[in-house]
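Trainee: I would like to learn how to read a protein model step by step. Could we go through it together, with the general idea before each case?

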Amino acid sequence: MRILGLRCSNTGYSLAVLSGDINAPLLEVYDTVTVPKGYAKPQALKWFFQEIQDLCGKFSFDGIVLKGAEGQAIRDKAFVERIEMEAMVFYAGAQLGIKPVLRKVKSQLAKGLGLKGRAKYLE
């Protein structure tokens with residue numbers, strides 16, 4: 001099983017490619033990528049959509065997991081821009097037939113990794 005993990009921001013995204021299973025996960029790739037300078041919002045969204053498609057073409061993913069915003073971040077003005085970036089992930093997944101595209105917060109991610117649902121263990 002291979003999973004693409006993403007955290008979107010209004011300036012770019014961070015990614016991790018995991019393979020294996022819950023008992024023996026293998027981190028294959030991780031990186032942080034910023035939106036090219038000078039891109040207007042429509043250009044940035046198109047660029048990000050193509051980035052996701054390129055990643056999915058390079059790797060064969062069984063699912064995609066997005067790290068969702070928590071607490072105070074939901075009230076921030078950058079939240080809308082982040083949600084627009086996340087929408088491109090759902091759209092790319094739908095275009096490529098990747099059905100499990102999930103949005104989770106830290107505690108859900110920690111619980112999925114067997115860390116008793118405590119977000120502080122992910123730090």
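**Reading strands, core and charged pairs**

Trainee: Let me begin with a single pair of residues: which residue in β4 is the bridge partner of L6?

Mentor: The bridge partner of L6 in β4 is L66, and please keep in mind from the start that this is a predicted model. That pair belongs to a parallel pairing of β1 with strand β4, residues 63–67, which extends over four bridges.

Trainee: How many helices and strands does the protein have, and in what order do the elements run?

Mentor: The secondary structure comes to three helices and five strands. Read from the N terminus on, the elements follow the order β-β-β-α-β-α-β-α.

Trainee: Which way do β1 and β2 run relative to each other, parallel or antiparallel?

Mentor: Strand β1, residues 2–8, and strand β2, residues 12–20, run antiparallel and are joined by seven bridges. Within that pairing, V17 in β2 is the bridge partner of L4, and the connection from β1 to β2 is a hairpin of three residues.

Trainee: What joins β2 to β3?

Mentor: These two strands are also read as an antiparallel pair, with nine bridges between β2 and strand β3, residues 25–34. L15, for example, has D31 in β3 as its bridge partner, and a hairpin of four residues leads from β2 to β3. When you look at any of these strands, remember a general point: in a regular strand the side chains alternate between the two faces of the sheet.

Trainee: Which residues of the largest nonpolar core touch the most other members?

Mentor: That core has 26 residues, and those touching the most other members are L4, L6, Y13, F48, F61, I64 and V89. The elements giving two or more residues to this core are β1, β2, α1 (41–58), β4 and α2 (78–96), and α1 gives the most, with eight residues.

Trainee: Taking one of those members, which residues does V89 touch, not counting residues up to four places away in sequence?

Mentor: V89 touches L6, C8, F48, I52, I64, L66 and V101 when residues up to four places away are left out. You will recognise L6 and L66 as the bridge partners with which we began.

Trainee: What share of the protein is buried, and how far apart in sequence are the residues that contacts join?

Mentor: Buried residues make up 31% of the 123 residues. Among contacts between residues at least 6 apart in sequence, 53% join residues at least 24 apart. The accessible surface comes to about 7,800 Å², and 55% of that surface belongs to carbon and sulfur atoms.

Trainee: How many disulfides does the structure hold?

Mentor: A disulfide is a covalent bond between the sulfur atoms of two cysteines. The structure holds zero disulfides. As for individual cysteines, C8 is buried, at a relative accessible area of 1%, and C56 also counts as buried, because its relative accessibility of 13% is under the cut-off of 20%.

Trainee: How many salt bridges are there?

Mentor: The count comes to three salt bridges. In one of these, the side chains of R2 and E28 meet at 3.2 Å, N to O; R2 lies in strand β1 and E28 in strand β3, so this pair ties together parts that are 26 residues apart in sequence. R2 is partly exposed, with a relative accessible area of 24%, and E28 counts as partly exposed at 30%.

Trainee: With which residue does K41 form a salt bridge?

Mentor: K41 pairs with E84, their closest N and O atoms being 3.7 Å apart. Because K41 lies in helix α1 and E84 in helix α2, this salt bridge ties together parts that are 43 residues apart in sequence.

Trainee: Are E86 and R82 buried or exposed?

Mentor: Both E86 and R82 are buried, and E86 has a relative accessibility of 3%. The two residues form a salt bridge whose closest N and O atoms are 3.5 Å apart; being four residues apart in helix α2, they are separated by about one helical turn. As a last reading exercise, compare sequence with space: E86 and Y13 are 73 residues apart in sequence, yet their C-alpha atoms are 9.7 Å apart.

Notes:
Residues numbered from 1 in each chain as written. Predicted model: local features only at pLDDT ≥ 70, side-chain atom pairs only at ≥ 80, totals over all residues. Heavy atoms only, no water. Pairing = 2+ DSSP bridges. Buried < 20%, exposed > 50% of the residue type's maximum accessible area, 1.4 Å probe, protein only. Contact = heavy atoms within 4.5 Å. Areas by Shrake-Rupley, 256 points an atom, 1.4 Å probe, with all protein chains shown as cover. Core = buried A, V, L, I, M, F, W, Y, C linked by side-chain atoms within 4.5 Å. Disulfide = S-S within 2.5 Å. Salt bridge = Lys/Arg side-chain N within 4 Å of Asp/Glu carboxyl O.
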